[in-house]
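Please walk me through how to read this structure, starting with its sheet and then its charged side chains.

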Amino acid sequence: MFRHFRSDVQAVFENDPAARSRFEVIFTYSGLHAIWAHRIAHPLYRRGWFTLARIISQVGRFMTGIEIHPGARIGNRLFIDHGMGVVIGETCEIGDDVVIYQGVTLGGTGKEKGKRHPTIGNNVVIGSGAKVLGSFQVGDNSNIGSNAVVLRKVPDNSTVVGNPGRVVKRNGERVGDRLDHKQLPDPIIEMFRALKKEIDSLKAELGKEVQEPEAGGDFDNGNYDI
Ligand SMILES: CC(C)(COP(=O)(O)OP(=O)(O)OC[C@H]1O[C@@H](n2cnc3c(N)ncnc32)[C@H](O)[C@@H]1OP(=O)(O)O)[C@@H](O)C(=O)NCCC(=O)NCCS
């Protein structure tokens, strides 16, 4: 348990440019306090001391606003920035070097039993307000955009944004054209195009009639421009 403490502090310096001194980090970073409460609660949970583990988890929640179920498995150097409103479910597994911002939920989608929370790979960033719901894998080196709602497996090296969450980048390359705003259809322009086409064809028809008036016709060669 104690071997993690030093690397937990180091993770703060690696991920937060605002971190100044060890003293400040140890005494003021609530994400760190929540992880430490979890590092005490989790071994108790694994030994079957469920209620004591839960009490420690709830004290941690009361102090930090971060709820980590004592059953969750957390890797090395997790960094929870700001933290308020973070919820990490019982069967969640988190790899090494993960960054989680405030308001993130790693939860289930209903009342399933058994493994029902996500498995987060190594080196993943989960943006503020993102919800990752269900029992699936979020691949290594992936980014979950803030406020994304992720409901299915995320491959390695991917960026997922939106609700429902979609992969928009993989291995540094854009995927699909969902965010290609320049290509989005504009219904008003489309309508004007259709009207113009119809007007052009009417003009063409009228022009034909003007050039070849029916015998006895009474066109006065007026201006037929519309
Ligand atoms: C997703 C994120 C990690 C960036 O990952 P990235 O792989 O560098 O992705 P990019 O910045 O290249 O963005 C890829 C596309 O997704 C869009 N995008 C990025 N984040 C988004 C979000 N949260 N919601 C919707 N779209 C988003 C970008 O506009 C871009 O679209 P484009 O290709 O049409 O220009 C980052 O945008 C993010 O959300 N970080 C969380 C930060 C946070 O929570 N900070 C809180 C500090 S208190």
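What follows is a dialogue between a learner and a teacher.

Q: What kind of model is this, and how are residues numbered?
A: This is a predicted model, in which local features need pLDDT of at least 70 and side-chain atom pairs count only at pLDDT 80 or more, while totals for chains, interfaces and linings use all residues. Residues are numbered from 1 along each chain as its sequence is written, and side-chain values use heavy atoms, with hydrogens and water left out.

Q: In what order do the strands of the open sheet lie?
A: Strands of a sheet pair through backbone hydrogen bonds, either parallel or antiparallel. Helices (H or I, at least four residues) and strands (E, at least two) are DSSP runs, numbered from the N terminus. Two strands pair if DSSP finds at least two bridges between them. Here 7 strands form an open sheet with mixed pairing, in the order β3-β6-β9-β12-β14-β15-β16. Its edge strands, each pairing on one side only, are β3 and β16 (173-174).

Q: How many bridges join β15 to β16?
A: Strand β15 (residues 166-170) is joined to β16 by 2 bridges, and the two run antiparallel. K169 stands opposite R174 in β16.

Q: How many salt bridges are there?
A: A salt bridge is a side-chain nitrogen of Lys or Arg within 4 Å of a carboxyl oxygen of Asp or Glu. The count by this rule is 8. One of them joins R54 and E67, with the closest N and O atoms 3.9 Å apart. This pair links distant parts of the chain, 13 residues apart: R54 is in helix α4 (residues 50-64) and E67 in strand β1 (residues 67-68). R54, E67 and R61 are linked in a network of salt bridges.

Q: Which residue forms a salt bridge with K115?
A: The partner of K115 is E93, with the closest N and O atoms 3.3 Å apart. K115 lies in the loop between β7 (105-107) and β8 (119-120) and E93 in strand β5 (residues 93-94), so the pair ties together parts 22 residues apart in sequence.

Q: Is D81 buried or exposed?
A: Buried means under 20% relative accessible area, exposed over 50%, partly exposed in between (1.4 Å probe, protein chains only). D81 is buried yet has no salt bridge; R20, the nearest side chain of opposite charge (Lys and Arg count as positive, Asp and Glu as negative; His and the chain ends are not counted), is 12 Å away. R20 is exposed, at 68% relative accessible area, and has a salt bridge with E24 (3.9 Å, N to O).

Q: Where does D81 lie, and what does D81 touch?
A: D81 lies in the loop between β3 (79-80) and β4 (87-88). Not counting residues up to four places away in sequence, D81 touches D16, I100, Y101 and Q102, where contact means heavy atoms within 4.5 Å.
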